[in-house]
Amino acid sequence: MEIFKILLPLIITAILVLIVIKKSKTQSDKSDDNYMSLGMALGMTLGAGFGTALGKDNIATSISIGMILGMVIGMSITKK
């Protein structure tokens with residue numbers, strides 16, 4: 001069970017980083033056509049909230065995972 005606590009954040013982060021790299025390669029030169037910065041800010045906020053709820057040892061991990069997850073979701077949504 002201890003190895004699961006160590007490997008799960010690493011696996012989630014690696015998958016999200018690969019998605020960010022793939023999406024950033026396919027995007028155009030304009031970076032203003034998506035909500036990446038808004039998603040990143042909301043992801044960090046929600047990650048801090050979940051990290052605090054889960055315990056003080058999980059804050060740093062949950063903030064970073066929340067930031068990357070928010071960035072992926074923000075990059076997926078285009079402005080109209």
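Hi everyone. Let's start with a pocket: the residues lining the largest pocket of this protein split into 14 nonpolar, nine polar and two charged. In total, 25 residues line that pocket, and its volume is about 570 Å³. Before I go on, please keep in mind that we are looking at a predicted model.

Which residues lie nearest the centre of the largest pocket? They are Phe50, Thr61, Ser62, Ile65 and Gly66. As for the helices, α1, α2 and α3 each supply at least two residues of the lining. Hold on to Ser62 and Ile65, as we will meet both again.

Now let's step back to the whole chain. How many helices and strands does the protein have? There are three helices and zero strands, and reading from the N terminus the order is simply α-α-α. Helix α1 covers residues 2–26, α2 covers 36–54, and α3 covers 59–76. Along its principal axes, the C-alpha trace spans about 45 × 20 × 15 Å.

Here is something to look for when you turn the model around. If we take the contacts with a separation of 6 or more, residues 24 or more positions apart account for 77% of them. And of the 80 residues in the protein, 20% count as buried.

Next, the core. In soluble globular proteins, nonpolar side chains tend to be buried together. In our model, the largest nonpolar core has seven residues: Leu16, Val20, Ile65, Ile68, Met71, Val72 and Met75. Two elements, α1 and α3, give two or more residues to this core, and the largest share, five residues, comes from α3. Notice Ile65 in that list; we met Ile65 a moment ago among the residues nearest the centre of the pocket.

Let's zoom in on Val72. What does Val72 contact, leaving aside its neighbours within four places in sequence? The partners are Leu16, Ile19, Val20 and Lys23. Two of these partners, Leu16 and Val20, are core residues along with Val72.

Back to Ser62, as promised. Ser62 lies in helix α3. Is Ser62 buried or exposed? Its relative accessible area is 14%, so Ser62 is buried. Its side chain reaches the backbone oxygen of Gly47 at 2.8 Å and the backbone nitrogen of Gly51 at 3.4 Å. Beyond its neighbours within four places in sequence, Ser62 is in contact with Gly47, Phe50 and Gly51. So that you can place Phe50: like Ser62, Phe50 is one of the residues nearest the centre of the largest pocket.

For contrast, try Ala41, which is found in helix α2. Why does Ala41 count as partly exposed? Because its relative accessibility is 40%, and the partly exposed class runs between 20% and 50%. Ala41 and Val72 are 31 residues apart in sequence, and their C-alpha atoms are 12 Å apart in space.

My last stop is Asn34, in the loop between α1 and α2. Is this loop residue, Asn34, buried or exposed? With a relative accessible area of 8%, Asn34 is buried. The side chain of Asn34 reaches the backbone nitrogen of Met36 at 3.4 Å. Asn34 and Ile73 are 39 residues apart along the chain, with 9.7 Å between their C-alpha atoms.

That's my tour. Thanks for listening, and do have a go at finding Ser62 and Asn34 yourselves!

Definitions and conventions: Residues numbered from 1 in each chain as written. Predicted model: local features only at pLDDT ≥ 70, side-chain atom pairs only at ≥ 80, totals over all residues. Heavy atoms only, no water. Core = buried A, V, L, I, M, F, W, Y, C linked by side-chain atoms within 4.5 Å. Buried < 20%, exposed > 50% of the residue type's maximum accessible area, 1.4 Å probe, protein only. Helix = DSSP H or I, 4+ residues; strand = E, 2+ residues; numbered from the N terminus. Contact = heavy atoms within 4.5 Å. 1 Å grid on protein atoms, 1.4 Å probe; cavity = no way out; pocket = protein on both sides within 12 Å on 5 of 7 lines; lining within 4 Å. Points joined across faces, edges and corners; volume = space filled by probe spheres on them. Nonpolar A, V, L, I, M, F, W, Y, C, P; charged D, E, K, R; others polar. Polar contact = N/O pair within 3.5 Å; in protein donor to acceptor, adjacent residues only side chain to side chain.
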